[in-house]
Amino acid sequence: MNIIKQFIRSIYSPKDIATFRQQGIGKTIGYVFFLTFLSIIPTIFFLSTSVFNGVQSMESTITDDLPEFEIANGTLQANETAPITVENDGVTIIFDSNNIVKKDEILQTNDTIAILQDELVFISGNNQQSYSYSMLGDVNIDKSTVIELIQAADSWLIILISIVAIVLYLFSVAMRLIEISIIALLGIMIVRIVQKTLPYRYMWRIAAYSITLSTVFFIIMDTLQTVVPNGALINWLISLIILMLAIKEIPHQKKEIPEQ
């Protein structure tokens, strides 16, 4: 059975999940990589879209709406005494050289770029990044320099996003493997309670496919950009329920069929 058929059947068929316990471990790990790739697609899409929109919005806003400024000695300096807030294509840009706007208030917003007295803050959905001006060292930057840098960013922005996507993917794979290992341990406890015999290596394979339904659910929620309350708890509950249903499909026997 190919990986696509396994994916589809793992969504609705605990009986099929139970049969996957006898396949090679390499195929199961490949499935985990495939499932993880699917799970991060919405995140990468919205992150890259927000970054590109943010860069374009920042360029037009800095050019047309912000006063002359300079970043020197790790501090933003400008003649403006009041914060400036600009809405551009769904992105909010805040210019505040006097730290009048509280950072906690900024972190409550979505799709925001805040140019503050000591740092630059990017907010895109649930992703928040801040960069201190002190990272620039002794380099001084003014408005015209920033505009030139933003215009030059288009050439390397795709490469930067690709690197971020690869790092996010590898991190997500690691988290999936840990999650599956924990679920498999819980599965071993369950099979002992129901007095069935199942080695950990087989339980790990079942656990890998048992997370499919919850993963698909959260892919849909991420695509709709809907926050699920207690999402981690729901994820574990769904996975464990599917795992228990798959265990139920395994007959009582002392010895498993040898691994193929």
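# Strand pairing and side-chain contacts

Glu-119 counts as buried because its relative accessible area is 18%, where the limit for a buried residue is under 20%. The structure is a predicted model, and every value in this report is computed from its coordinates.

## Salt bridges

Three salt bridges are counted in the structure. Glu-119 takes part in one of them, with Lys-103 as its partner and 3.0 Å between the closest N and O atoms. The contact joins distant parts of the chain: Lys-103 belongs to helix H4 (residues 103-106) and Glu-119 to strand E6 (residues 119-124), with a separation of 16 residues. In contrast to the buried Glu-119, Lys-103 is partly exposed, at a relative accessible area of 32%.

| Salt bridge | N to O distance |
|---|---|
| Lys-103 and Glu-119 | 3.0 Å |
| Asp-16 and Arg-9 | 3.8 Å |
| Glu-179 and Arg-176 | 3.6 Å |

In the bridge of Asp-16 with Arg-9, the acidic residue Asp-16 is buried at 18% relative accessibility, whereas Arg-9 is partly exposed at 31%. The bridge of Glu-179 with Arg-176 lies within helix H5, where the two residues are three positions apart and therefore separated by about one helical turn. Both Glu-179 and Arg-176 are buried.

## Strands E3, E4 and E5

Strand E4 (residues 91-95) is largely enclosed by the rest of the structure, because five of its five residues are buried. In a regular strand, side chains alternate between the two faces of the sheet. In E4, Val-91, Ile-93 and Phe-95 point one way, while Thr-92 and Ile-94 point the other way, and all are buried.

E4 has paired neighbours of both senses. Strand E3 (residues 84-88) runs antiparallel to E4, with five bridges between them, and Asn-88 is placed opposite Val-91 of E4. The hairpin of E3 and E4 has two residues between the strands, and Asp-89 adopts a positive phi near 55 degrees there. Strand E5 (residues 112-115), by contrast, pairs with E4 in the parallel sense through four bridges. Here Ile-93 of E4 stands opposite Ile-113 of E5.

## The sheet of E2, E1 and E8

An open sheet of three strands follows the order E2-E1-E8, and its pairing is antiparallel. Strand E2 (75-78) and strand E8 (141-142) are the edge strands, each pairing on one side only. Strand E1 (residues 69-72) is joined to the antiparallel E2 by four bridges. Thr-75 in E2 is the bridge partner of Ala-72.

## Aromatic contacts

The structure as a whole contains ten aromatic pairs. One of them is formed by Phe-37 and Tyr-169, whose ring centres are 6.4 Å apart and whose planes meet at 85 degrees, so the geometry is edge-to-face. This pair also connects distant parts of the chain, since Phe-37 lies in helix H3 (residues 25-64) and Tyr-169 in helix H5, 132 residues apart. Tyr-169 is buried at 19% relative accessible area, whereas Phe-37 is partly exposed at 45%.

Phe-122 and Tyr-131 make another edge-to-face pair, with a centre-to-centre distance of 6.2 Å and 75 degrees between the planes. Both partners are partly exposed: Phe-122 has a relative accessibility of 33%, and Tyr-131 has one of 37%.

One aromatic cluster brings together Phe-7, Phe-20, Tyr-31, Phe-34 and Tyr-209. Elsewhere, an aromatic ring meets a charge: the charged end of Arg-201 sits over the ring of Tyr-202, at 4.9 Å from the ring centre.

## A nonpolar surface patch

Which residues form a nonpolar patch on the surface? They are Trp-156, Ile-159, Leu-160, Ile-163, Val-164 and Val-167, and together they have about 550 Å² of accessible area. Ile-159 of this patch is located in helix H5 (residues 143-193). Its relative accessibility is 52%, so Ile-159 counts as exposed, the limit for that class being over 50%. Helix H5 thus carries the exposed Ile-159 as well as the buried Tyr-169 of the aromatic pair with Phe-37 and the buried salt-bridge partners Glu-179 and Arg-176.

Definitions and conventions
Residues are numbered from 1 along each chain as its sequence is written. This is a predicted model: local features need pLDDT of at least 70, side-chain atom pairs count only at pLDDT 80 or more; totals for chains, interfaces and linings use all residues. Side-chain values use heavy atoms; hydrogens and water are left out. Patches are made of residues with over 30% relative accessible area and no salt bridge: like charges are joined within 9 Å, nonpolar side chains (Val, Leu, Ile, Met, Phe, Trp, Tyr) within 5 Å. Accessible areas come from the Shrake-Rupley method with a 1.4 Å probe; for residues, only the protein chains shown count as cover. A salt bridge is a side-chain nitrogen of Lys or Arg within 4 Å of a carboxyl oxygen of Asp or Glu. Buried means under 20% relative accessible area, exposed over 50%, partly exposed in between (1.4 Å probe, protein chains only). Rings of Phe, Tyr and Trp (its six-membered ring) pair if their centres lie within 6.5 Å; planes under 30 degrees apart count as stacked, over 60 as edge-to-face and the rest as tilted. A charge sits over a ring if NZ of Lys or CZ of Arg is within 6 Å of the ring centre and within 35 degrees of the ring normal. Two strands pair if DSSP finds at least two bridges between them.
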